Amino acid sequence: MIRRPLTALIRPGEPPPGLRDYEAADGYAAVRGTLKDLQPGDVIDRVKEAGLRGRGGAGFQTAMKWGFVPQGEDAPRRKYLVCNADEMEPGTFKDRYLMEGNPHQLIEGMILAAFAIGAEVAYIFLRDEYPLAAKRLRAALAEARDGGHLGKDIHGSGFNLDIHLHISAGRYICGEETALLNALEGKRAVPRAKPPFPPVAGLWGKPTIVNNVETLCYVPHILRHGAEWFRGLGKGRDGGTKLYGASGRVRHPGIWELPMGTTMREIIEDHAGGMREGYRLRGVIPGGASTDFLVPEEHMDLPMDFESVQKAGSRLGTGTMIILDDKTCPVGMLRNLQLFFSRESCGWCTPCRDGIPWIEKTLAAIEAGDGREEDIALLHAHTRLLGPGRTFCAFAPGAMEPLQSALRYFEDDFRRHITEHRCPYANGR
Amino acid sequence: MPTIHIDGTAHSIPAGVNLLHAALQLGYDLPYFCWHPALGSVGACRQCAVRQYRDEKDEHGQIVMACMVPAADGTRCSIADTEAAEFRASVIEWLMTNHPHDCPVCDEGGECHLQDMTVMTGHCSRRHRFPKRTFRNQFLGPFINHEMNRCIQCYRCTRFYNDYAGGTDFGAFGAHNHVYFGRHTDGVLENEFSGNLIEVCPTGVFTDKTLKRHYTRKWDLESAPSVCTHCSLGCNTFAGARYGAVRRILNRYHAAINGYFLCDRGRFGYEHANRGDRPRQPLVRDKEGTTHPAAAAEALKAASDALAAAKGVVAVGSPRASLEANYALRALAGSDRYSPGIASAEADAAAVLVELLRDGPLPPASLRDVEHADAIFVLGEDPAASAPRMALSLRQAARQQPLESVDKLGIPRWYDRAARDIIQGATGPLHTAWTHATRLDDIACPFRGAPADIARLGFAVAHHLGGDTPPVADIDEALDNRAKEIAEALRAARRPAVVTGTGLRSRRVLLAAAAVARALARVNGENARLGAVFGEANTVGAALLGGPSPEELLEAVAAGKADTLVVLENDLTRRVDPALLRRALEAARCVIVLDYVATPVVDRADIFLPAGSFAESDGTLVNHEGRAQRSFQALPHDGDGRESWRWLAALTDSPWDALDDILRALAEARPDLAAAADAAPGADFRLNGRKAPRSPRRYSGRTAQLADRTMHEPRPPDDPDSALAFSMEGAAKQVPPSLLSHYWSPGWNSVQSLTRFQEEIAGACRGGDPGTRLFAGAENKPAALAGSPPRPFDPAAVPGLLAVPAFDVFASDELAALSPPVAERAAVPVCRLHPEDAAAHGIADDTDAGIILNGASAVLRARLDPTLARGLVALPVPMPGLPPLADDTYATVRPAS
């Protein structure tokens, strides 16, 4: 029984499997079988049965998303599939691992997804900072084309597909699927109005599905091994495995494919090797910069799946955690995060564009010992004023998640900066 | 009508609008920035937050942006909600973190939407203690001043300039709190509608550079409702004046015409009235032949004596003069000795087009009709150059069909952000036929050909629409397929429109348009319209008065049949054969000229009477659709100047003391023009016994303005001609829109206060849209204006090259071209030649070419234009020194030695 499907063929430090190696390991078998024997609706049904949820952070049911694409006579003929490979979430490098390690797996997943929704053109929207992934994807795409997995009338099925690799100009907001579509069209990377949602009117106004790399990589495995197998891989309600990662002052920072729902303790202590000598765990941002802190006092045994983490007041996000230790200033860390967010705001709506820079400057002032008593209230107010519904997209509410939880869990640190007019951690650096 | 509940009060509102739109229309003070009635909702500024409740049981509700929420039946919201109000104040506080707070030195100060909204939200105390970000400003040309530090990033500018007006040399740059709105580098804004940025921008980023040169605060301006004189569309404007000079033009909303926007020619053309060389002094030529300044009475006496002694008086009126002035002139000379002053070829075309509008099969198209049309065929006119505001309407029309896909997805059209993402750059059927490329080609399906071929295309379209138009003989397949495509688009449309004009001075093109209109009326006539473009602001009015051509009258003078020539506001050198004009002016014993710009005809005058420009005159103009509109005096005459009609009235036997006297006489004499008298309330109109004020309530400087000369406040000038007073006192409420001098409402000091003067936002003005329509239309006289297709144009079979006019948006209008900032934008006059024709004539690009036309010659720079049809030479309008073009004028072109 295959336990780690996504990473089974990945050999870190070695070139990825080429077409022959990939096919030898049953690669593209799902494509051959599906295109020959199944209807697009069957693919959607199987993925639905498996309950695959999007691995980009939001955890949306993949098959449900695919089902929103209008089909039939009246539907627009032209449809698009876009792979969101703009992995720019701080501390996150799981998609890179998959693309560098086994590019054919992603291509096979895209072929199946495109077949499911009836797209004949697909794009991989890749982060500019991933040149190695770009190189390996290019080579794999060429191999797949030569091998007859892409192009016209694939394996005699009548289905056509071409996949284009697009290298992003580089903005965090491009991870937001509609900003990604604008960027792909050559426009400003600003999120779009929703509705209409991309499955109805996306790229160039046509039905479009945007899926994360990890999500697409799972599709061939589900079709090969079945929904039951997939569901059995997870520990809780969510099936499958998940790429979990840890960065920060742990003994072995890295990335591991583990059953969905593996606890935080297991990830940090068993896989990351626990904290480095002399450091204590203070908090964890579970899945990218825009998720709320979890703390060891409350959450060590939390299963890291979508629902459990949400119940604990945060989000699983990308599942790649950033670890805060006891010798790093939380205010400094927050300031660093908000500096990132203030720079990456697309500038479309007022609260995000002008509110986050104010937060960042205030945090910088606090960190520098120039904080004022009223700054705490100002920060609290901003976490509320930049909350969901107040801004055009989820960027600013996301940016507020680590801030609001830090203000709760590390309030003393903020206050000490202000009363002592200095950073209490400064000597420790 | 849906019912919505705002803070517990139920209101009926129009269907299909958003909550912000509804709230503003109901008179609520709900602040906003990025929403604009013509640009729709995009959800950028987050200023219009309200609390919305699911139903009457919902006590919690949620904060939403009013501009993004449909005001559907049963919608409940609270504007007063504490959290919503707090959020709105926060938005201002964020916007203000980087705003320079330079109101005292900002041109927008006192009429700034950002000021108004700041006050409205209650934000007043700055908490942000960090440095502000700053930007570098750009030079953007003669019209617009740029001050980026004031920007609050509402994105209205780029949404207007790029999305709405089709501009390509402007945009949003950068990201996060460094978003910059401007050009990629310093330079003149190329789009012809750039001036609207002044009004679209809610603060002082884009301000009027022409105003800046003679700056006046809004509260110190004396304004009047005016009608633009720079083309035939009749856009409504506010003319603001102070100390005897026009200071600026603003858009005056007219739902059926200009809506919210003007073109740059109309906005900045006003400076002709402020020129230093403007003749303001009456002149009389003495016996020795030298002219000397005269008092008004003396000049009038001289004119009166000259007319009395004349052996035959002929009078040439003008399509840029008011109906009243032309009528008074006609009364002075007699109907057979008065000419409307339109050159004969153009006058013939105008007469055909007027007949087609008045008696034709389709009702005339207003600009609003054009804007809403979903399939358009522009036949033989270049509106982008000759009637620019119409090009802006055509640009919106091209989106009508694609917008239906937005409807299908259940997205309201006001949701601009979503609508544009859905339809992307798609355009519906906009077919154009002109001699060479136009500024609409980026959204149009252009046909380029000689006038005869344009006419043939029209007849072929009429044939394919069905009905009695026979097929066009010997038509080539490509042209016929094109005609089929156009006919199919017109037939399938919900609101088809045909647009034509007098630009080519071509009777056959207009007859082709008549054939299309007739066929369209038969197969899909219910909502079909006929759009028309004429030469000047009152071409239709002058053409309706009718009379011989100016050429005919000048011939009479040259032949000695008349010895006295009266010229009203007409630079004849622009219109008639220079040789004929020379002969007539030499033969004339006495030439009496009324004008307000310096022209060669003024130089020749024996008696010159300084007339009022649009700014100093009341008068009625009839626009391209036959709508009579009154334009009012914004500033009193100085010295001896008078309105043309007042000079002329004094020279006739008629007891005409005021404008209404002439209008009454006109209505009696010409029942077909009687409605023109009702274009605006007469001078005796009063509201609660009071006139409407020209000055705003806050005309604070009134007592100080002349304090350096006198302590006493002089009595304001009387105005016997209108129901407007040169004063801040007067009726404050319910002023009819035709008498409204500015938009100003409590709490709303900027142009955005317009919503307070509309019956419905983006709908009619309170009190009805100004003006009266002279053409009922749709008389459907099938026999009228029948024509048959001409033979195809054969370059090999004609002598020389066929000369056709090429209009330029900034150079071709006489008055606007006299405005220095507009003149800066005018194209260098060139003659356009197809590269192969140029080669055949031995002419290289950008070299001088000699043009010989009906015996006259001129030298022009050659511009090789591969879009120009073969066998043509396109000559600039105006063409000094050359006779006017008719439909079949041929030119010899050779390299200039």
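**Exercise 1. In which order do the strands of the open four-stranded sheet of chain A lie, and which strands stand at its edges?**

*Solution.* Start by reading across the sheet in this predicted model.

- Step 1: The order is β3-β2-β1-β4 (chain A), and the pairing is parallel.
- Step 2: Now look at the two ends of that order. β3 and β4 of chain A each have a single partner strand, so one side of each is left without a neighbour in the sheet.
- Step 3: From one strand to the next, the twist averages 20°.
- Step 4: Zoom in on one pair. β1(A) and β2(A) run parallel and are joined by six bridges. Among the residues here, Val82(A) has Tyr123(A) in β2(A) as its bridge partner.
- Step 5: Add a helix. α6 (residues 103-117) of chain A packs on the sheet and touches β1, β2, β3 and β4 of chain A. The direction of α6 makes about 145° with that of β1(A).

As background, strands of a sheet pair through backbone hydrogen bonds, either parallel or antiparallel.

**Exercise 2. Why is helix α8 of chain A described as largely enclosed by the rest of the structure?**

*Solution.* Check the helix residue by residue.

- Step 1: A residue counts as buried if 20 or more other C-beta atoms lie within 10 Å of its own.
- Step 2: In α8(A), the residues that pass are Glu177(A), Thr178(A), Ala179(A), Leu180(A), Leu181(A), Asn182(A), Ala183(A) and Leu184(A).
- Step 3: That is eight of the eight residues of the helix (residues 177-184), so α8 is largely enclosed.
- Step 4: What do these buried residues pack against? Their neighbours are β1 (80-85), β2 (121-126), β3 (162-167) and β4 (208-212) of chain A.
- Step 5: Follow the chain just past α8(A), and you meet Gly186(A), which takes a positive phi of about 85°.

**Exercise 3. How compact is chain A for its length?**

*Solution.* Take stock of the whole chain, then apply a rule.

- Step 1: Chain A has 18 helices and eight strands.
- Step 2: Its radius of gyration is 22 Å, close to the 22 Å that the globule rule gives for 429 residues, so chain A is as compact as a globular protein of that length.
- Step 3: The C-alpha trace of chain A spans about 75 × 45 × 35 Å along its principal axes.
- Step 4: Of the 429 residues, 57% count as buried.
- Step 5: Consider contacts in chain A between residues at least 6 apart in sequence: 71% of these join residues at least 24 apart.

**Exercise 4. Which strands pair with β15 of chain B, and are the faces of β15 covered or not?**

*Solution.* Treat the faces before the partners.

- Step 1: On one side of β15 (residues 313-316), Val313(B) and Ala315(B) are buried; on the other, Val314(B) and Val316(B) are buried, and both faces are covered.
- Step 2: One partner is β22 (residues 564-568) of chain B, paired in the parallel sense over four bridges. Here Val313(B) stands opposite Thr564(B).
- Step 3: Another partner is β16 (residues 338-339) of chain B, running parallel and joined by two bridges. Ala315(B) has Tyr338(B) in β16(B) as its bridge partner.
- Step 4: Trace the path from β15(B) to β16(B). The chain crosses through helix α9 (residues 323-333) of chain B, and this β-α-β crossover is right-handed.

**Exercise 5. How many residues does each chain give to the contact between A and B?**

*Solution.* Count, then sort.

- Step 1: Chain A gives 31 residues and chain B gives 31 residues.
- Step 2: On the side of chain A, the elements that give two or more residues are α14 (330-344) and α15 (350-367).
- Step 3: The largest share on that side, eight residues, comes from α15(A).
- Step 4: Sorted by class, the side of chain A that touches chain B has 14 nonpolar, eight polar and nine charged residues.

Note on methods: Residues are numbered from 1 along each chain as its sequence is written. Chains are lettered from A and ligands numbered from 1 in the order in which they are written. This is a predicted model: local features need pLDDT of at least 70, side-chain atom pairs count only at pLDDT 80 or more; totals for chains, interfaces and linings use all residues. Two residues are in contact if their C-beta atoms, placed from the backbone, lie within 7 Å. Ala, Val, Leu, Ile, Met, Phe, Trp, Tyr, Cys and Pro count as nonpolar, Asp, Glu, Lys and Arg as charged, and the others, Gly among them, as polar. A residue is buried if 20 or more other C-beta atoms lie within 10 Å of its own, exposed if 12 or fewer, and partly exposed in between; C-beta atoms are placed from the backbone. Two strands pair if DSSP finds at least two bridges between them. Axes are lines fitted to C-alpha atoms, for helices over the stretch in contact, and angles run from 0 to 180 degrees between N-to-C directions. The radius of gyration is taken over C-alpha atoms; the globule rule is 2.2 Å times the number of residues to the power 0.38. A crossover is right-handed if, with the strands pointing away from the viewer, the path from the first strand over the helix to the second runs clockwise.
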